[in-house]
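User: Please take a close look at one part of this structure and then place it within the rest of the chain. I am new to it, so explain each term when you use it.

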Amino acid sequence: MSDNLLDVQNLSTSFFTHLGEVQALRKINFTVKKGEILGIVGESGCGKSVTMLSVMRLLQQPGKIKNGSIMFKDEDLILKSKSEIKQIRGNDISMIFQDPLTSLNPVFTVGNQLIESIVKHTKLRKSQARKRAIEMLKLVEMSSPEKRISQYPYELSGGMRQRVMIAMALSCDPDLLIADEPTTALDVTIQAQILELMRNLKERLNTAVIIITHDLGVVADFCQNIMIMYGGLIVEQGSSRDIFYNPKHPYTIGLLGAVPNLEMSKQETRLTTIPGSPPDLLFPPNGCPFAERCSKAMQICVEKQPVFRNISDSHSVMCWLHSDEYLNNSINGKSTNE
């Protein structure tokens, strides 16, 4: 068996609209090992959520996986039937969606929804599932779980609802937990509590975690590895230290420049911004998707898409500035634009 719990290769996903094909993902590759925490970062529309919906086989029409493979425990999820993938979802892979208020049914109690999920994916009877539900609420450090199980979602705070979603996701001991913007709309204190809770659960249960976010501050101390997405592509990936202390792609550098820093002087209090807008994936560019917004763009960046180059064993980047051709020409005093 492979060391990788999840191995995604050449995954392409498109949305076939009346205007044409929106190429949301274009041949992306990444892996997740058991017990690893991977952060997927990028601005809205870059393909983060579509990547995970493709992995979970939850794409709605007109979305469709065009090609590639999604190997989970050495089995390709793309080849699974609907009934087979339903057994995997919840049991082996669980997902926490972005807004817990809309993810939970407002007309059923928290306990009802937890119990239903446990009964559906296990062989436990309803009475046993209720005990399991209370245990899971205790596991996610919910106060007074016996009381909360009888309450409706609107009676709980945002942080409590998020804990319920985590409890539901972990109730069947999945090998992989996917969290889509799990700290959105929560205040800073609650965000820290939710992230610390997920880290502790990962340590106790050895569950692999993928967290999707646009906030680099969320992944800074939480993730072991980080994947930067832009324009339906992975433009840089590496360890947390690689990304924060040795970023290579101009987009990554731009994202980091937009993060507030307590050590900034008064003269530096104005945050940097990335000019321009993301590319239209209905007509994706031939070259680097970031070329039009990049201050270091060369002619080749517009004409041809760069390939991934390994900076180290843990760090790789898709940028012509770090291609062998550019580096060799720089040494010889030549311009790549010539």
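Analyst: A residue counts as buried when its relative accessible area is under 20%, as exposed when it is over 50%, and as partly exposed in between, using a 1.4 Å probe and protein chains only. Ser117 has a relative accessible area of 15%, so Ser117 is buried. This is a predicted model, in which local features need pLDDT of at least 70 and side-chain atom pairs count only at pLDDT 80 or more, while totals for chains, interfaces and linings use all residues. Residues are numbered from 1 along each chain as its sequence is written, and side-chain values use heavy atoms, leaving out hydrogens and water.

The part to look at is strand β7, residues 176-180. Helices (H or I, at least four residues) and strands (E, at least two) are DSSP runs, numbered from the N terminus. Five of the five residues of β7 are buried, so the strand is largely enclosed by the rest of the structure. In a regular strand the side chains alternate between the two faces of the sheet. In β7, Leu176, Ile178 and Asp180 point one way, Leu177 and Ala179 point the other way, and all are buried.

Two strands pair if DSSP finds at least two bridges between them. β7 pairs with β6 in the parallel sense over four bridges, and the bridge partner of Ser94 in β7 is Leu177. β7 also pairs with strand β8 (residues 208-213), again in the parallel sense, over five bridges. There, Asp180 stands opposite Ile212 of β8.

The partner β6 has a similar pattern of directions: Ile93 and Met95 point one way, Ser94 and Ile96 the other way, and all are buried. β6 (93-96) also helps to cover helix α2, together with β4 (63-72) and α4 (110-121), among others. In α2 (residues 82-91), the buried residues are Ile85, Ile88, Arg89, Gly90 and Asn91.

Helix α4 is where Ser117 lies. Contact means heavy atoms within 4.5 Å. Not counting residues up to four places away in sequence, Ser117 touches Met168, Ser171 and Cys172.

The residues of this region can next be followed into the nonpolar cores. A nonpolar core is a set of buried Ala, Val, Leu, Ile, Met, Phe, Trp, Tyr and Cys residues joined through side-chain atoms within 4.5 Å. The largest has 60 residues, and Ile166, Met198, Phe222 and Ile228 have the most contacts inside it. Helix α7 (residues 158-170) gives the most to this core, with eight residues. Apart from neighbours within four places in sequence, Ile166 is in contact with Ile96, Val140, Ile194, Leu197, Met198 and Leu201. Ile96 is one of the residues of β6 described above.

A second, separate core of 32 residues includes Ile178 of the central strand, along with Met52, Ile85 and Met229. Met229 is found in strand β9 (residues 225-230) and counts as buried at 0% relative accessibility. The C-alpha atoms of Met229 and Val41 are separated by 6.1 Å, although the two residues are 188 residues apart along the chain. Leaving aside neighbours within four places in sequence, the contacts of Met229 include Leu25, Ile28, Ile40, Val41, Lys48, Thr51 and Tyr251.

Elsewhere in the chain there is an open sheet of four strands, in the order β2-β1-β4-β5, with antiparallel pairing. Its edge strands, each pairing on one side only, are β2 (20-33) and β5 (75-76). β1 (residues 4-17) pairs with β2 over ten bridges, and Leu6 stands opposite Val32 in β2. Helix α1 (residues 48-55) packs on this sheet and touches β1, β2 and β4. The direction of α1 makes about 70° with that of β2; axes are lines fitted to C-alpha atoms, for helices over the stretch in contact, and angles run from 0 to 180 degrees between N-to-C directions.

As a whole, the chain has 13 helices and twelve strands. Its radius of gyration is 22 Å, close to the 20 Å that the globule rule gives for 338 residues, so the chain is as compact as a globular protein of that length. That radius is taken over C-alpha atoms, and the rule is 2.2 Å times the number of residues to the power 0.38. Of the 338 residues, 49% count as buried. Among contacts between residues at least 6 apart in sequence, 63% join residues at least 24 apart.
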